[in-house]
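Dear colleague,

I am handing over the structure below, and after it you will find what I found on going through it. Please read the notes with the coordinates open beside them.

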Amino acid sequence: MVFLYLLLLPLPILGRMIIPPLPYSYSEQRKENQVDVEIFYESLCPDSKNFFVDTLSPIISQFSPYMSITLVPYGKAKTTQTQQSYQFSCQHGSAECKGNLYHNCAQKYITDQVSKIRLISCMFEKSITSMSTGPDWDTVAKQCTDQWGLSGQLSSLYNCAVDLEGRQLHYQAGVRTGAREFIPTVEMSGGRELGKVVLDSRVKVKKLVEEFCDLYRRLYGEVVQPCN
C-alpha cells in the first residue's frame, strides 16, 4: 500500500481572500518545427529519476533544438486548498513535496533548456542517494547549481521554493497534471495537425527517442540529424 504524507504550507491571505495563484509558467515558447514535450513527474520517484538520468539527459544536447520541454513536477501528489493554506500530500513523503517546489522553480527560472535538464538530473542523483535520511534540498540545489555553472540562479530558486511563489507553481502543476496512472508520463505534440503521443509506462518512456523521431517525421515530413 502506498501512503501519502502531508505537507501543510500556509498561504498569505488578504482579508478573507486567498491571493490567486500565478499562471503555470513555461520556460520557452515552441519555435517553428519543434515538438512540445511535457514531462509529468515527481522529485523522489525512482522511475522519474531513471527517465531523467538514463534517457533524457544523455540525449538533450542533440535533441534540444527540436524540442520545447515543459517540466510539470507534481506526479501523484494531491492538493487540498483551504481558506488559509494549501495542503500537499506526496507519494514519497513530505520531502518530495519540498523537492517538487524546487523543481517547479527550476522550470520557471532556468531558461536554458539543456542546463535545466542537466540541473534536474543532478538533483535526482544527489537526492536519491540521500533517501535514507531525506534529502536536504537547499544543499542539493547549491551543489547542482555549482556543478553546472548556475550558481547565479541559486537565490532565485531558493526564494521561490520557500515562498508563496513555489507553492503556487506546485498547485498549478497539479492542475495541469490531473490524474495519471504512471509517473513519469511524457506527452509530445505539435505541428498543424497537433498530433500527439503519450508515453505512460516504464517501457514506453524508455523509447523516448524512437517515439520522438517517428512523431517528428509524421508531423514535419523530415528526419532530423540526431534521428539518423
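Helices H5 and H6 are roughly antiparallel to each other, because angles over 145 degrees count as such and the axes of H5 (residues 137-147) and H6 (residues 154-161) cross at roughly 160°, coming within 10 Å; please keep in mind throughout that this is a predicted model. The crossing of these two helices is right-handed. On the H5 side the contact is made by Asp 138, Ala 141, Lys 142 and Thr 145, while H6 contributes Leu 154, Leu 157 and Tyr 158, and by character the residues of this contact divide into 4 nonpolar, 1 polar and 2 charged.

The other part to look at is a sheet. The sheet is open and has 4 strands in the order S5-S4-S8-S9, with mixed pairing; strand S5 (67-73) and strand S9 (195-199) form its edges, each of them pairing on one side only, and the twist from one strand to the next averages 15°. Strand S4 (residues 35-41) runs parallel to S5 and is joined to S5 by 7 bridges, with Ile 39 of S4 standing opposite Leu 71 in S5.

Two helices are placed against these strands. Helix H4 (residues 113-128) packs on the sheet, where H4 touches S4 and S5, and the direction of H4 makes about 35° with that of S5. Helix H9 (residues 208-220), for its part, lies across S4, S5, strand S8 (185-190) and S9, and runs at about 15° to S8.

With best regards

Notes. Residues numbered from 1 in each chain as written. Predicted model: local features only at pLDDT ≥ 70, side-chain atom pairs only at ≥ 80, totals over all residues. Heavy atoms only, no water. Axes fitted to C-alpha atoms, helices over the stretch in contact; angles between N-to-C directions. Left-handed = near helix turned anticlockwise from the far one by under 90°. Contact = heavy atoms within 4.5 Å. Nonpolar A, V, L, I, M, F, W, Y, C, P; charged D, E, K, R; others polar. Pairing = 2+ DSSP bridges.
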